[in-house]
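Biologist: I am new to reading protein structures. Could you walk me through one, feature by feature?

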Amino acid sequence: MPETILEIDSIVSGYGELEILHGASLTVGSGEIVALIGSNGAGKSTLMKTVTGLLKMRSGEIRLRGESLKGASPESIVRKGINLVPEGRHVFAGMKVEDNLLVGAYGLSKSVRDAKLAETLARFPLLKERAKQDAGSLSGGQQQLLVVARALMRSPSVLLLDEPSLGLSPIMVETVFEVIGSLRESGVSVLLVEQNVTAGLELADRAYVIENGAIVRTGQAKDMLADPSLSNSFLGSGAE
Amino acid sequence: MKSPLMTKRRNQHFIWLGAVVVVAVLPLVFGDGYSQTVILTIGLYAIFGIGLQLTMGTGGILNMGHAAFIGIGAYSSAIVTTKGGNPWVGMLVGIVVAGVLAFVVGLPILRLRSLYLAIATLCVALAVTNVLGFWTALTGGQNGVTGIVPFSIGDFSFIDLPSQIYLIWGFLLVAVLIRINLRYSVVGREFEAIKDSDLATSSLGINHGARRLQIFVIGSVIGAVGGSLYATYLSAITPDLFGFPFLIQIFVLVALGGMVSLWGAPIGAIAVVCLHEFVIPVISGGNAGPVEIVIFGVILVIVMIFAPNGLTDQVVSTTRRLVKIARRRRNHDEPSSVTPASKKVAA
Amino acid sequence: MDLAFFIQLFVTGVTTGAIYAAVAMGFVLVFRVTGILNFAQGELLMVGGMLIISFREAGWPLYAAIPVTIALVFLLGCAIYALALGPAIKRGTNISLLLITLGISQVLQGLAQIGWGSAPRYTGDFSPTAHPISVLSVSITTQSIWILGGVLVALGATYLVLERTGIGRALRASSIDPMMARLSGINVRMVSLIAFGAAGALAAVGGLLLAPVIGMTYATGSLIGVKGIAAAVIGGFGSIPGAIIGGIALGLLESLASLISTGLTTGISLLAVVIVLLILPNGILGGRRVKAAVGV
């Protein structure tokens, strides 16, 4: 069991009057890829948004390496090392690809920024070719890659990925998953929400199942893959 | 069968009738000219305020042109009566000109986003003041118009202050009734649902544009009627009267009175007139102009920061919430569910 | 009317238009980042003009007076956001936020009238010459050259900041996708504050360059503010090249209108705005260009 880096402890959260998470708890270990599985509306995105501070939690605790993130703003949580790639491809359309990447390193010193940019472009040759292009002109898959690359610019300790493969062509899905898999080696922990449950579980070390705003099950990813009861409820829908 | 809404509406009518009686007695109690001037001015400002409340509070339109529509009413009366026409005809001309202008301007403009709407009405306002200031042959240019004839019915002329007060407050009553009816009509309730949202327009299936246009025209016409009364009361007007400082005064009126509160316009009018007549002269010590501008500006800023829907509305909604909480405490079986956040979503 | 006359008209128009462009750019910058139309923008120009006049009266040389004026109005812009709009923005409606900026414009006007009086205030040209420079029988005042050069430098500097610096990228990112900007570690409030400050600085440049050309009064700002809005609307309210083109177009239009009647110039710009709003609600550059040119 790796050392716990992100600890989510019975958080309650939602939008306005609507309470969606009723005390969800999970942990992510250092260098671990953890999948979060659940049907639509179960609270996956709400959990992601609460962890990054976009939604205020009503009760509970979120700790990064033991340090509480209660009441912290999204921008400060990002700077502490938790980065969210939200659902949908949120590139800054109208800005160059390299400017998009540099925004990801906002606030870092110029030398760190430039070094990180060179490193990232070397890691993503697809983006390097298009560094001077408008991010809005990239294909969907390239945009998703850019958003992931931008999130890595700050060398986060935890990366939250919300439906990274949604709407991508099969070949791009493969590329994106390769990138996610390679994060393990670079020591980045990942919390992954993925509608393609089989693919998500194949990639992950451990998984949690969320239902109606609470975690109902947890275990090793490979055990879940093999579990017929689970495949009936989720895995079947993964092929859609 | 009486719906609670109808009862409420009837209550409103009774309350207002009571208010009218009070006003009817006021000029008899305050016999001196100055008090009467103040009472009269409050009535005028309340009419101006109701027109702006309609467009801003009910229609959700930031109407920068309201002072100009008041000016149109005033100048119509001025021009018609000084050319030998009947004052009532003057008022009618004002209503028609303001109504048609509001309609024509509003027709395409009301489709615009709220920001552009503000800009467009601003342009209309500046264009109107430009015309008033420079079309000397018709408007007398910067010198304005003098010798405006007061209203009369048969041989009776509304020339002394008490009779003018009755005239103006009579029109105020009509404006209030129009507003109450709009508020409790289907139209008014639709607006409650879609106010301050550009997106809701189509998603609720309500023809937002047509409703807003209707409100814009009614509000502007009420302004023009107020302007007509204003001009005949002053008997001499200049274009400066309808400029920016005046517009700000009406904005402050609505900010203090509240954007939707039915009592907002008279309350705001009392506040603005009292500030103008009593408070600001004391503070400024002779240099009223700029000091007044600063004070009104500061009030506008502060009220809009802390009560974006106006002070009265804020007080009313806060009180209601407190009452609700108090009741709930007594009953305590009901779970707490109403918070400002949920209201915002609903709005 | 010969060619020289028209060139003369053109030069006048472009010079006026440059000022409008600086003001319009401030409007656009603030609007892109915060969604607020800052009606006090024109008053910031007026304060810039008044300050440079006072500094020069106090005997300051230009190289001191200009940067101090710009810095002070930058701070004033920041203060407007920090004290009024920042606290209001969360609960505010479109209407309440606009009324706040309107209130601020009134406060600045009133304070200027109290502090600097009602009479127009004048200051000399920055580089006084006995006669305007004459090129091919077109005469250009040195102050016109100052205006054109100064606005060019200001707009160029803004462009460079937006394109080449971290804060510039943060400004652009916040205007495109505020949520994603926050998720990238950008403090959007700080960025909004800087946008207000930068808009103030741009207005100050316009005001200090204009001060020697006109008699500056407390009311100067409100009219120029409207012209700035007009220029921004003509340019599509959102794009910075649009703001520049809109400013120049408006200056030229007014210059032409002055042939007919000087009283007409304001009317013409208002008419232009209404026509643009009705026919081309996305400005003369059109909607797609505006989107593509976000923040550039």
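Modeller: Gladly! Let us begin with a term: buried area is the accessible area that two parts lose on being put together, summed over both. Keep in mind that this is a predicted model.

Biologist: About what area is buried between chain C and chain B?

Modeller: The general idea is that the size of an interface is often given as the accessible area lost when the parts come together. Here, chain C and chain B bury about 3500 Å² between them, and carbon and sulfur atoms give 78% of that area. Chain C brings 40 residues to the contact, and chain B brings 42 residues.

Biologist: How many salt bridges and polar contacts are there between chain C and chain B?

Modeller: The rule finds 0 salt bridges across this interface. For polar contact, the count is 1 residue pair, with both residues at pLDDT 80 or more. On the side of chain C that touches chain B, the elements giving two or more residues are α3 (62-88), α4 (94-116), α9 (220-234) and α11 (265-279). The largest share, 15 residues, comes from α4(C).

Biologist: Now the sheet in chain A. In what order do its strands lie?

Modeller: First the general idea: strands of a sheet pair through backbone hydrogen bonds, either parallel or antiparallel. In chain A, 4 strands form an open sheet in the order β2-β1-β4-β5, with antiparallel pairing. β2 (18-29) and β5 of chain A stand at the edges with a single partner strand each, so one side of each has no neighbour in the sheet.

Biologist: Which residues are partners along β4(A)?

Modeller: On one side, β1 (residues 4-15) of chain A is joined to β4(A) by 5 bridges, and A:V12 has A:S59 as its bridge partner. On the other, β4(A) pairs with β5 (residues 67-68) over 2 bridges. There A:R63 is the bridge partner of A:S68, while A:L64 stands opposite A:E67. The hairpin of β4(A) and β5(A) has 2 residues between the strands, and A:R65 takes a positive phi near 50°.

Biologist: Where do the side chains of β4(A) point?

Modeller: In a regular strand the side chains alternate between the two faces of the sheet. β4 (residues 59-64) of chain A shows this alternation: A:G60, A:I62 and A:L64 point to one face and are buried. A:S59, A:E61 and A:R63 point to the other face and are not buried.

Biologist: Which residues have the most contacts inside the largest nonpolar core?

Modeller: In soluble globular proteins, nonpolar side chains tend to be buried together. The largest nonpolar core here has 221 residues, and those with the most contacts inside it are A:L47, B:I119, B:F251, C:L99, C:I100 and C:F237. Apart from it lies another core, of 47 residues, including A:V97 and A:F177. As for A:L47, the residues it touches beyond four places away in sequence include A:I8, A:L36 and A:L191.

Biologist: Let us try two serines. Is A:S76 buried, partly exposed or exposed?

Modeller: A:S76, in helix α2 (residues 74-80) of chain A, counts as partly exposed because its relative accessibility is 25%. A:S76 and A:T52 are 24 residues apart in sequence, with their C-alpha atoms 9.2 Å apart in space.

Biologist: And B:S261, buried or exposed?

Modeller: B:S261 counts as buried, because its relative accessibility is 12% and the cut-off for buried is under 20%. B:S261 is found in the loop between α11 (244-257) and α12 (264-284) of chain B. Not counting residues up to four places away in sequence, B:S261 touches B:Q53, B:R179, B:T312 and B:D313.

Notes: Residues are numbered from 1 along each chain as its sequence is written. Chains are lettered from A and ligands numbered from 1 in the order in which they are written. This is a predicted model: local features need pLDDT of at least 70, side-chain atom pairs count only at pLDDT 80 or more; totals for chains, interfaces and linings use all residues. Side-chain values use heavy atoms; hydrogens and water are left out. A nonpolar core is a set of buried Ala, Val, Leu, Ile, Met, Phe, Trp, Tyr and Cys residues joined through side-chain atoms within 4.5 Å. Buried means under 20% relative accessible area, exposed over 50%, partly exposed in between (1.4 Å probe, protein chains only). Contact means heavy atoms within 4.5 Å. Two strands pair if DSSP finds at least two bridges between them. Buried area is the accessible area (1.4 Å probe) that two parts lose on being put together, summed over both. A salt bridge is a side-chain nitrogen of Lys or Arg within 4 Å of a carboxyl oxygen of Asp or Glu. A polar contact is a pair of N or O atoms within 3.5 Å; within protein, one must be able to donate a hydrogen and the other to accept it, and residues adjacent in sequence count only if both atoms are side-chain atoms.
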